[in-house]
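Colleague: Hi, have you got a moment to walk me through this model? I have a few quick questions.

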Amino acid sequence: MNSDEIISVVADIGNLYTRAGFTGDDFPRWSTFTKCTETMQFGDEALGYGNGQVLDILQPFNPDLYENLLKKMFEKLGVQSKDYSLLLANNFQTKHDLQKVVEILFESVEIPNFFTIRNAALSTFSAGRSTALILDIGAYSTTASAVHDGYTLLKTQIQAPIGGEILNEPFRQYVVGEYNQFKKTCLARDIKQGLLTYEQIDSTQQYELPDGNFILMQQAQLSEIADKLFNSNDNFKGIQHMLLDIINNSVNDIKQQLCSTVISTGGSSNIPGFLNKLQTTLSALAPPMCKVKLVMYPSNQNRYHSVFIGGSILASLSSFQSLWVAKNEYQESGRFSIIERKCPN
Amino acid sequence: MNVGTNVSDDCVTEFNNLKLGKQYRYVIYKLDKDKNEIVVDHKGERDSTYAEFVSHLQNESRYAVYDYHAQTDDVPPRQVEKLVFIFWSPDTNQPVKQKMAYAAGKEALKKKLNGLSKEIQANEPSEVEETEIKKIVLN
């Protein structure tokens, strides 16, 4: 890194996890839950061992808690918010929520410069592409988006209320002990991550619990749970169909490019055998002229942090520095309209 | 999304020499990291072969414009000439930052080159084989 390279802060504040760090880093230095206690404590210690309620900062969007999270973020990163530009990944459902956050950032947190860009575009950039079909399997929802030349095509974007967290449920029964709901979910999530697989290997999988006992589950049982991502029901088509819908609704020119640049991101993409299953399922259903090709990240870790990494690199490019929205620009030119103008989407 | 990467004047000049002056078969561009600018890397003579062009696409990303001529399968065959923009982004050991700088700089270059008919994004040698270009040009 050059000594004259300006460092900025990059944040990906998701519904379950928040990841923040600095440009140039390939790993977010601060990773926490997007939740806090009633007394504004953050982190799994406070959340898992407290007696009070655990509050969600997003879902629904809570501006006061969000402001606290932002301030905590700068504190944890060890820097003054006044001195650092912030690139925030845009996963906001409404313009209104984004508007509120920009206001908080400039007026209360007092950052000097701001930029925002869709999660899908950042995941695309971090795979070294500017055009891709992104499947982002989040905690509580899954979003499929087409990104073309860095622009996320919102018209064809599809979101479904199924995500990684729903796969925790069948493992809750194995969590015994006096824990609060948050901690129980964390433990169930751990078991899920230790057991879940799409691979047709041994017929029985085992997992050792902290107390030394073992859980034994049949392959068939695990497949049934894992298949929730692919099966359709009343309000969900299956991730493969989300991607297909976008492919079929896209103009012919980019159909083929999207098919040959499918990127799956989000922790659930790391379930053993998932990528193979996605490739096979999608290939079987794709239109004839489209050859389905999954693009891999250099490491599995990237799937948790692809949005952060994309932001880290994007905001470190010298050509990007002219794109920041400065505080005075925001204040002098009708506030939110400048964000809409300078941040494509 | 245009992140404002600079494009040297040379890039446009040589593009026009290809397009209008018919001096070259292809022009290859690269990103000059120090100057953060897209510059001309190679120019191929008018009688260059496609194989010569591809030999320049190695382990680092590149942009290219190729003036491709093809014949349709009609009777009698029609001559088709198209300017193809090729974004070469190999999945090799290139640092992610470099790969991304190229991906982000693409729009800035394309904006300056008027008259491009088709675009290919290629991440491995098979995607930039002559058969692929021919398919795109004839569609």
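Colleague: Let's start with A:Gln93: where does this residue lie in chain A?

Modeller: Happy to help, and keep in mind that this is a predicted model. A:Gln93 lies in the loop between strand E6 (86-90) and H3 of chain A.

Colleague: Is A:Gln93 buried or exposed there?

Modeller: A:Gln93 is exposed, because its relative accessible area is 57%, and over 50% counts as exposed.

Colleague: How far apart in space are A:Gln93 and A:Phe61?

Modeller: Their C-alpha atoms are 9.5 Å apart, with the two positions 32 residues apart in sequence numbering.

Colleague: Next, H2 and H3 of chain A. At what angle do their axes cross?

Modeller: Roughly 50°, and the axes of H2 (residues 63-77) and H3 (residues 95-109) come within 10 Å. That angle makes H2(A) oblique to H3(A).

Colleague: Is that crossing of H2(A) and H3(A) left-handed or right-handed?

Modeller: H2(A) passes H3(A) in a right-handed crossing.

Colleague: Which residues make the contact?

Modeller: From H2(A) the contact is made by A:Pro63, A:Tyr66, A:Glu67, A:Leu70, A:Lys71 and A:Phe74. H3(A) brings A:Lys100, A:Val101, A:Ile104, A:Leu105, A:Ser108 and A:Val109. By class, the contact of H2(A) with H3(A) has 8 nonpolar, 1 polar and 3 charged residues.

Colleague: What about H7 of chain A: which of its residues are buried?

Modeller: In H7 (residues 239-249) of chain A, the buried residues are A:Ile239, A:Gln240, A:Met242, A:Leu243, A:Leu244, A:Ile246 and A:Ile247.

Colleague: What do the buried residues of H7(A) pack against?

Modeller: There are strands and helices of chain A on the list. The strands are E8 (132-137), E9 (142-148), E10 (151-160) and E13 (262-265), and the helices are H8 (252-259) and H9 (274-285).

Colleague: Let's look at H9(A), then. At what angle do H7(A) and H9(A) pack?

Modeller: At about 45°, with their axes 10 Å apart. H7(A) is therefore oblique to H9(A). The crossing of this pair, H7(A) and H9(A), is right-handed.

Colleague: Which residues meet between H7(A) and H9(A)?

Modeller: A:Ile239, A:Gln240, A:His241, A:Leu243 and A:Leu244 in H7(A) meet A:Phe274, A:Leu278, A:Thr281, A:Leu282 and A:Leu285 in H9(A). By class, that contact of H7(A) with H9(A) has 7 nonpolar, 3 polar and no charged residues.

Colleague: Changing topic to backbone oddities: which residues does the cis peptide bond in chain A with omega about 0° join?

Modeller: That cis bond joins A:Gln59 and A:Pro60. A:Pro60 lies in the loop between strand E5 (54-56) and H2 of chain A, and A:Gln59 is found in the loop between E5 and H2 of chain A. A:Gln59 also has a positive phi of about 60° although it is not a glycine. With a relative accessible area of 42%, A:Gln59 is partly exposed.

Colleague: Why point those out?

Modeller: Because most residues other than glycine have a negative phi, and most peptide bonds are trans.

Colleague: Over to chain B: which residues are joined by a cis peptide bond with omega about -5°?

Modeller: B:Val75 and B:Pro76. B:Pro76 is found in the loop between strand E4 (62-71) and strand E5 (79-88) of chain B.

Colleague: And what is phi of B:Lys22?

Modeller: Phi of B:Lys22 is near 55°, a positive value in a residue other than glycine. B:Lys22 sits in the loop between helix H1 (9-19) and strand E2 (24-32) of chain B, and is partly exposed at 37% relative accessibility.

Colleague: How many disulfides does a search of the whole structure find?

Modeller: The search finds 0 disulfides over all chains. As for single cysteines, A:Cys343 counts as buried at 5% relative accessibility, and B:Cys11 is buried with a relative accessible area of 0%.

Colleague: Last one: where is A:Ala11 found, and what does A:Ala11 touch?

Modeller: A:Ala11 is found in strand E1 (residues 9-13) of chain A, and is buried with a relative accessible area of 2%. Not counting residues up to four places away in sequence, A:Ala11 touches A:Arg19, A:Ala20, A:Met73, A:Leu86, A:Leu87, A:Leu88 and A:Ala89. The C-alpha atoms of A:Ala11 and A:Ser312 are separated by 8.9 Å, though the two are 301 residues apart along the chain.

Terms used: Residues numbered from 1 in each chain as written. Chains lettered and ligands numbered in written order. Predicted model: local features only at pLDDT ≥ 70, side-chain atom pairs only at ≥ 80, totals over all residues. Heavy atoms only, no water. Axes fitted to C-alpha atoms, helices over the stretch in contact; angles between N-to-C directions. Helix = DSSP H or I, 4+ residues; strand = E, 2+ residues; numbered from the N terminus. Parallel < 35°, antiparallel > 145°, perpendicular 65-115°, else oblique. Left-handed = near helix turned anticlockwise from the far one by under 90°. Contact = heavy atoms within 4.5 Å. Nonpolar A, V, L, I, M, F, W, Y, C, P; charged D, E, K, R; others polar. Disulfide = S-S within 2.5 Å. Buried < 20%, exposed > 50% of the residue type's maximum accessible area, 1.4 Å probe, protein only.
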